[in-house]
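Grab your viewer and work through the exercises below. Try each task on your own before reading its solution.

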Amino acid sequence: VGGTSEDSSVNWEAFPLVEMARRGLFGEKYRRAAFKTLAGEARELVSGLIGDARLDFAAARLRQGIRPGPASDPYAIKAWLVEVAKRAQDNLPAQPYKGMSRSELSDLAHLSKKRNGMQLAIRYLADRGIPVVHVPHYKKSKVDGGVVVIDGGRPTIGLSLRYDRKDYFWFTLLHEAAHIVCGHVKDYLADDLLDPDDLEKVEREANELVEDVTIPAATFHSIIPDPAAATLESVIRLAQECDVDVSIVAGRVQYKANEYRKFSRLVGRGLVRAFFDTELELDH
């Protein structure tokens, strides 16, 4: 896509400029700027940010565990993607990206059972050249996670942590990593141009892979044949059998039984955002 045709299709003022400015994306000078000021310089500010982030919208693939409904504004999603790329550029892993295999995804899932599993998972991906950044969602977007391609082919995982629960963190992280393993992030495709049938297909592929490396369907069924009748003992036994954190099993049982109060004490509420606010800042 040539620069001019790309530019002409972008409505720069439609970006959530005030939110972006408040997050410091345009620098201190604009942090408190009014919409009118930002709108007048929107093209320069946003295109400059996209340049700094080395993000090509054509290479950005948006991925979510929960797909955006009509309430998700494509410009809010684009702003989120750009911020993910920018935050990753500011903290690039030392290692180059060399690909990720299914067995490595499985290893990542098994880190969940360790006491400091979230920290180990972030480091495990960084050691494979894949940065993971936390970027809260924008008001008009319901994005959970995504993969963007930066730095000449380096996939980057962004997590919004809309829900502060360990099961949600692990599902979203593994889901995004599964897209990388499945090769969904190599091609030239912008998130808002993705055909709904293709989206269904790649989401299903990623979800199936996550299921296989965490709790294979046959194993789940052998220990918990009826999710609605699952007991605490069966949840713990399944977690041990599959070598994953109990929050992942509790979340899967809730989903399969469509009963989100069941085992709600096991899903690790309130443990994720605090970790990101402290641990990762200390690391860098």
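**Exercise 1: Two odd backbone angles**

Asn 258 sits in the loop between H12 and helix H13 (273–283). Keep in mind that this is a predicted model.

Task: work out what sign phi has at Asn 258 and whether the residue is buried or exposed.

Solution. Start with the backbone: phi is positive at Asn 258, about 55 degrees, although the residue is not a glycine. The spot is just after H12. Next, take the relative accessible area, which is 59% for Asn 258. The cut-off for exposed is over 50%, so Asn 258 counts as exposed.

Task: now do the loop between helix H11 (232–242) and H12: which class of exposure does Asp 243 fall into?

Solution. Asp 243 belongs to that loop. Its phi is positive too, at about 60 degrees, and Asp 243 is not a glycine. The relative accessible area of Asp 243 is 31%. Buried needs under 20% and exposed needs over 50%, so Asp 243 ends up partly exposed.

**Exercise 2: Helix H12 and the largest pocket**

Task: check the length of H12 against what is expected at 1.5 Å a residue.

Solution. Count residues: H12 has twelve. The expected span uses one less than that number, and comes to 16 Å. From the first C-alpha to the last, H12 reaches 16 Å, so the two are close.

Task: which residues of H12 are buried?

Solution. The list is Ser 247, Ile 248, Val 249, Ala 250, Gly 251, Arg 252, Val 253 and Gln 254.

Task: describe the largest pocket, beginning with how much space lies in it.

Solution. The volume is about 710 Å³. The lining has 24 residues, and the closest to the pocket centre are Phe 171, Asn 207, Gly 251, Arg 252 and Tyr 255. Now go by element: helix H8 (166–181), helix H9 (196–214) and helix H12 (246–257) each give two or more residues to the lining. Finally, sort the lining by type, and you get ten nonpolar, six polar and eight charged residues. Gly 251 and Arg 252, then, are among the residues closest to the pocket centre and also on the buried list for H12.

**Exercise 3: Rings and charges**

Task: how many aromatic pairs are there, and what is the geometry of Trp 12 with Phe 15?

Solution. The count is six aromatic pairs. For Trp 12 and Phe 15, the centre-to-centre distance is 6.1 Å and the planes are 20 degrees apart. Planes under 30 degrees apart count as stacked, so that is the label for this pair. Both Trp 12 and Phe 15 are buried.

Task: classify the pair of Phe 169 and Trp 170.

Solution. The ring centres of Phe 169 and Trp 170 are 5.1 Å apart, and the planes meet at 80 degrees. Over 60 degrees counts as edge-to-face, so this pair is edge-to-face. At 1% relative accessibility Phe 169 is buried, and Trp 170 is buried at 0%. Follow the ring pairs outward and you find a cluster of Phe 169, Trp 170, Phe 275 and Phe 276.

Task: which charged residues lie over the rings of Tyr 124 and Phe 220?

Solution. Over Tyr 124 you find the charged end of Arg 128, 3.5 Å from the ring centre. Over the face of Phe 220 lies Lys 256, at 5.4 Å from the ring centre.

Methods
Residues numbered from 1 in each chain as written. Predicted model: local features only at pLDDT ≥ 70, side-chain atom pairs only at ≥ 80, totals over all residues. Heavy atoms only, no water. Phe/Tyr/Trp six-rings, centres within 6.5 Å; stacked < 30°, edge-to-face > 60°. Buried < 20%, exposed > 50% of the residue type's maximum accessible area, 1.4 Å probe, protein only. Lys NZ or Arg CZ within 6 Å of the ring centre and 35° of its normal. 1 Å grid on protein atoms, 1.4 Å probe; cavity = no way out; pocket = protein on both sides within 12 Å on 5 of 7 lines; lining within 4 Å. Points joined across faces, edges and corners; volume = space filled by probe spheres on them. Helix = DSSP H or I, 4+ residues; strand = E, 2+ residues; numbered from the N terminus. Nonpolar A, V, L, I, M, F, W, Y, C, P; charged D, E, K, R; others polar.
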